[in-house]
Structure formats: C-alpha cells, structure tokens
Amino acid sequence: MATQSDSDEVRHGNENKYFDVVIKPMLTPGHEGELIEWMKDMGLIKQAVRCPCAGQRGKMVWSKARIVDKYTWVCRACSKKLSIRSESFFAGFKCDLKKVMLAILCWCNRVSGEVAAKQLDLRLTVVFRIYDSLSQVASNYVKAHSDEWKLGGENVVVLVDVYPDGYMSTVPRSMEVGRRRSTNKKRILCIAEISQIPSRIWVKILEEVSSNSKDSPEVTQRAVQEALHEITEHVLPGSILLANERSAVCPFSAVRTLKDFPMVHSVEHLKELNVPGTRAVEENLETIWQSVVDVCDESQEVRKSVGSLLLDEFLWRQLISQTTSSKVESILHQIAEQYSERWRQRRHNTA
Ligand SMILES: [Zn+2]
C-alpha cells in the first residue's frame, strides 16, 4: 500500500535517475514530438504500418495531426487514418502519452492507484488499466524467465513452506477474526534461499489444491506431487532443504524423499533447540518470510488469476531490485520486447 513516502519517492527516489535523465525532458510542453520519436525508436509503438487496402501503396505515412497524440498514420492510397498507438501497449489508455509515462513511474514506485490518479489528474479506472497492463507485462516476463529464479546450490540452505499452513506468520491476516474468510483457500508454495538478507524468494499458487473446492486424499496427493516438482524445478541440487510437517501439501516427510537433496531438515526438529518457553526458531522464520507475507495475504482474497499476477509482480520487483537497471527502464524494455514479438507473429501469420 502506498504511503506519503511513496509519493515523495516519485519525485526524489534514486530509482528514478533513468526517468529523470531520459524521459522527463521529453515530458515538458513542446517536446511531444521527441517523446513519440523516442517511443518509436524504443519499439514501444510501431515503426511502420501497412494499410489493409494492401499493395505496395498500402504503406502508411507518419503525419502531423490535431489530436492528443499530435501524430497519426495516414494511407496515401485510401486516406485511411490509424492511431500511432495501434496494437501497442498504449492503445487502450484514454489519456495522453506523457501521463501514461508518469503512471508507469508511479507503478514502478508502488504509488497506490488512488494517489497516482490524484497526482496525475486521471480517472482511477484509467490508472488501474495501466497498472493491470504493467502487472501483466511483469508476469509474462517472470513466466518466460523462470530460470532466473533458481535458488540455492551446494550446501546453501533453502527454506520451503506453504502459506498459510506453515511457519510464515503467526496469524495470517486473512484468518483474523472479523475478516471475511476467503472461500477460495489457496495454498501458496514459498521457497527462500537464506544465504543473504533480504532472502531471495520464489512463490507460486499450487494449482491442484487451490482449484478444487473439496479436499480429498487424491487432491492432496496431486498437490504434493506438484509441490515437489516445483521444488526440483526451482532449487539447485545439493541445497540443504528445511521443511516442516504443518502443511499437508508439502510436508517434510515428502520433501525428504527428493533424491537431488541429500540433506533435508525439519523445522519441528530445529524447534527442539529453542530455550524452553522461547520461540527463537519461529521468530527467525517469520523474519525471513516478512517481505512476502503481505502479498500472499492479498492474493488469498482475490481470484486465483489475479492472485497469480500479484505474486508474479512480487517476483519481478524482487529480481529487478537486485539488478542495476531501474524498474522504469526494465519494464519499458520488456513492453517493447513483448509487443514487438506479437507484431512479428501477426505479420508472420498474415504473410
Ligand atoms: Zn489504405
């Protein structure tokens, strides 16, 4: 959730260097043409379009226009006009491109939709549409690059837990008294490499157990298989695993059967080391999971597809914050990459 400091960050954050240096100068009045040329060069909007009236003469020309985008594509043959945003990420947003850029900055800085709408003088629905589209781009990136989330390695400790069953938080918010209990009891597999602080985390909603409304031994069994498969996909062999017995869909007893991981410890066994009456082990686990508990909670209360998006966005932000490029720069490159790939495929299909 956004706070005042979030909105301050829109103006002062170190994260914003790329935005300040590259994009901001093009947002000043009179520089609209530069912004649009840059978007074209970046591949954020199309560099060339053809008119459906076809033929060699169907190639449309870039022309000045008295519209919000200042430019439009025009066909020399049939005079048909086409928006410069056609088929781009920017096509569906009813506001000028400068404001879309600023909304992207807000999303990167986790400014709430409400605050962004107010700051940018945009309708909330427009901001949410931009935010949702950005989450989708981030999610696509996560799905296409899941190898970047390999955790652990020889003798590195990797923690495995299932939200909300395990040791991630004492009282999951969605279970608090007085809060509407979600009818959709999602189970979220969470994996953390704890060799560094903050720990690197990978999360995923377990499909089997979260799609079935009824519990049955068969569903649980399939969920266990799914969880074990995810662990082998995302944890490097030789890691030391730490699991617990609390969750039926990923219990220690099942994790210890994985053959790539000769060392598997149980949280319950570790807890025996606690000084009687204290809960140091549990507190350490809660600290490790702190950064992901909120998003797990949030995704309990929405549709599964939306929950998956939220978790992917969490993973995306975590990865980008470990690199030197800014979130704005990364998401713009990923928008360009994903949309130009779509255009390529469409040309290929219609050729
Ligand atoms: Zn035409």
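This presentation describes a predicted model of one protein, from its confidence and domains to its sheets and helix contacts.

Good morning, colleagues. I begin with confidence. The mean pLDDT of the protein is 88, and 90% of its residues reach 70 or more. There is an exception to state at the outset: over residues 1–12 the pLDDT stays under 50. For that stretch the model has 17 contacts beyond four places in sequence. Where pLDDT is low, the predicted coordinates should not be read in detail. I shall therefore not interpret those contacts of residues 1–12 any further, given a pLDDT under 50 there.

Next, the domains. The domain assignment gives two entries: domain 1 is made of 4–46, 84–144 and 325–350, while domain 2 covers 146–319. Taken over C-alpha atoms, the centres of domain 1 and domain 2 are separated by 33 Å. How many residues bring the domains into contact? On the side of domain 1 there are 7, and they meet 6 residues of domain 2. By class, the domain 1 side of this contact has 3 nonpolar, 3 polar and 1 charged residues.

I turn to the sheets. One open sheet has 5 strands in the order S6-S5-S4-S7-S8, with mixed pairing. Its edge strands are S6 (200–205) and S8, each of which pairs on one side only. From one strand to the next, the twist averages 20°.

Let us follow the pairings outward from S4, residues 157–163. Towards S5 (residues 188–193), S4 is joined by 6 bridges, and the two strands run antiparallel. Towards S7 (residues 240–243), S4 is joined by 3 bridges, and here the strands run parallel. Val 158 serves as a landmark for both pairings: its bridge partner in S5 is Glu 193, and in S7 it stands opposite Leu 241. Continuing from S7, we reach S8 (residues 264–266), which pairs with S7 in the parallel sense over 3 bridges. In that pairing, Ala 243 has Ser 266 of S8 as its bridge partner.

Which helix lies across S4, S5 and S6? It is H11, residues 280–300. The direction of H11 is at about 160° to S5.

A second open sheet consists of 3 strands in the order S1-S2-S3, and its pairing is antiparallel. S1 (60–64) and S3 (81–82) are the edge strands, each pairing on one side only. S2, residues 71–75, is joined to S3 by 2 bridges, the strands running antiparallel. Within S3, Lys 81 is the bridge partner of Val 74.

Finally, I consider a helix pair. The axes of H6 (residues 124–144) and H12 (residues 304–321) come within 8 Å and cross at roughly 70°. Angles of 65 to 115 degrees count as roughly perpendicular, and H6 and H12 are therefore roughly perpendicular to each other. What residues make this contact? From H6 they are Ser 135, Gln 136, Ala 138, Ser 139, Tyr 141 and Val 142. From H12 they are Leu 309, Asp 312, Glu 313, Leu 315 and Trp 316. Divided by class, the residues of the contact are 6 nonpolar, 3 polar and 2 charged.

To close, I would recall the 5-strand sheet of mixed pairing, the antiparallel sheet of 3 strands, and the crossing of H6 and H12 at roughly 70°. Thank you for your attention.

Definitions and conventions. Residues numbered from 1 in each chain as written. Predicted model: local features only at pLDDT ≥ 70, side-chain atom pairs only at ≥ 80, totals over all residues. Axes fitted to C-alpha atoms, helices over the stretch in contact; angles between N-to-C directions. Helix = DSSP H or I, 4+ residues; strand = E, 2+ residues; numbered from the N terminus. Parallel < 35°, antiparallel > 145°, perpendicular 65-115°, else oblique. Contact = placed C-beta atoms within 7 Å. Nonpolar A, V, L, I, M, F, W, Y, C, P; charged D, E, K, R; others polar. Pairing = 2+ DSSP bridges. Domains from an automatic or database assignment. pLDDT = per-residue confidence, 0-100.
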